[in-house]
Amino acid sequence: MELTLTLGKAEIMQTVPCWLCGKPLDLRITKGGKFYLVCDPDGIQCFIRREQGMEKLKKLIKHLARKDYQLEQQAESFFAIQAILREIEDLKQEIEKLEDKAGFLFPDKELLRARDALQKRVNLLLSQLEQVPARKQAETEGL
Ligand SMILES: [Zn+2]
């Protein structure tokens, strides 16, 4: 059966994954405004003819988009945390070096001030670290 549809580019969107190959199915719209899903490589055309099916498809697409977004956010949180942990590690090494250099009996006051400044930076990073997952969570939930 040949399809007699005119499809503009705007009428094609990516949607749910193909159940055979896993690539996103194209969502196309018939002249009559009905949806159908297409996987060209697998030769699948799946028509959704009733209102209930179209509503469910819309919900599913929204749900999957939200899931993708959440995964992205989680990855972002992870990298943010890694970056903070690396910086803390570097700062702690610098703090140790400064303490060694400053000396024990007659410590160099400027070196100790530098050490304290670095320690403040560590404290700031620690509080940022505590906020990373919470902030990302709040964004994800649209708060
Ligand atoms: Zn496929």
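Which residue in strand 4 is the bridge partner of tyrosine 36? The partner is phenylalanine 47. This is a predicted model, in which local features need pLDDT of at least 70, side-chain atom pairs count only at pLDDT 80 or more, and totals for chains, interfaces and linings use all residues. Residues are numbered from 1 along each chain as its sequence is written. The chain has two helices and four strands, in the order β-β-β-β-α-α from the N terminus. Helices (H or I, at least four residues) and strands (E, at least two) are DSSP runs, numbered from the N terminus.

**Confidence**

- The mean pLDDT (the predictor's confidence in each residue, from 0 to 100) is 83 for the chain, and 83% of the residues score at least 70.
- Among the elements, strand 4 has the highest mean pLDDT, 93, and strand 1 (residues 13-17) the lowest, 73.
- Over residues 1-12 pLDDT stays under 50, and the model has nine contacts beyond four places in sequence for them.
- Where pLDDT is low, the predicted coordinates should not be read in detail.

**Strands and hairpins**

- Strand 2 (residues 24-29) pairs with strand 3 in the antiparallel sense over four bridges; two strands pair if DSSP finds at least two bridges between them.
- Leucine 27 has leucine 37 in strand 3 as its bridge partner, and arginine 28 stands opposite tyrosine 36 in strand 3.
- Five residues lie between the strands in the hairpin of strand 2 and strand 3, where glycine 33 takes a positive phi near 85°.
- Strand 3 (residues 35-39) also pairs with strand 4 (residues 44-48), in the antiparallel sense and over five bridges.
- The hairpin of strand 3 and strand 4 has four residues between them, and glycine 43 in the turn has a positive phi of about 70°.
- Tyrosine 36 is thus named in two places: opposite arginine 28, and as the bridge partner of phenylalanine 47.

**Helix 1**

- Helix 1 (residues 51-102) has 52 residues.
- From first C-alpha to last, helix 1 reaches 76 Å, close to the 76 Å expected at 1.5 Å a residue; the expected span is 1.5 Å times one less than the number of residues.
- Glycine 103, just after helix 1, takes a positive phi of about 85°.

**Exposure and contacts**

- Of the 143 residues in the chain, 3% are buried. A residue is buried if 20 or more other C-beta atoms lie within 10 Å of its own, exposed if 12 or fewer, and partly exposed in between, with C-beta atoms placed from the backbone.
- Alanine 65 is in helix 1 and is exposed because it has 11 other C-beta atoms within 10 Å.
- Alanine 65 and valine 16 are 49 residues apart in sequence, with 9.3 Å from C-alpha to C-alpha.
- Alanine 83 is also in helix 1 and is partly exposed, because 13 other C-beta atoms lie within 10 Å.
- Alanine 83 and leucine 129 are 46 residues apart along the chain, and their C-alpha atoms are separated by 9.8 Å.
- Two residues are in contact if their C-beta atoms, placed from the backbone, lie within 7 Å. Among contacts between residues at least 6 apart in sequence, 35% join residues at least 24 apart.
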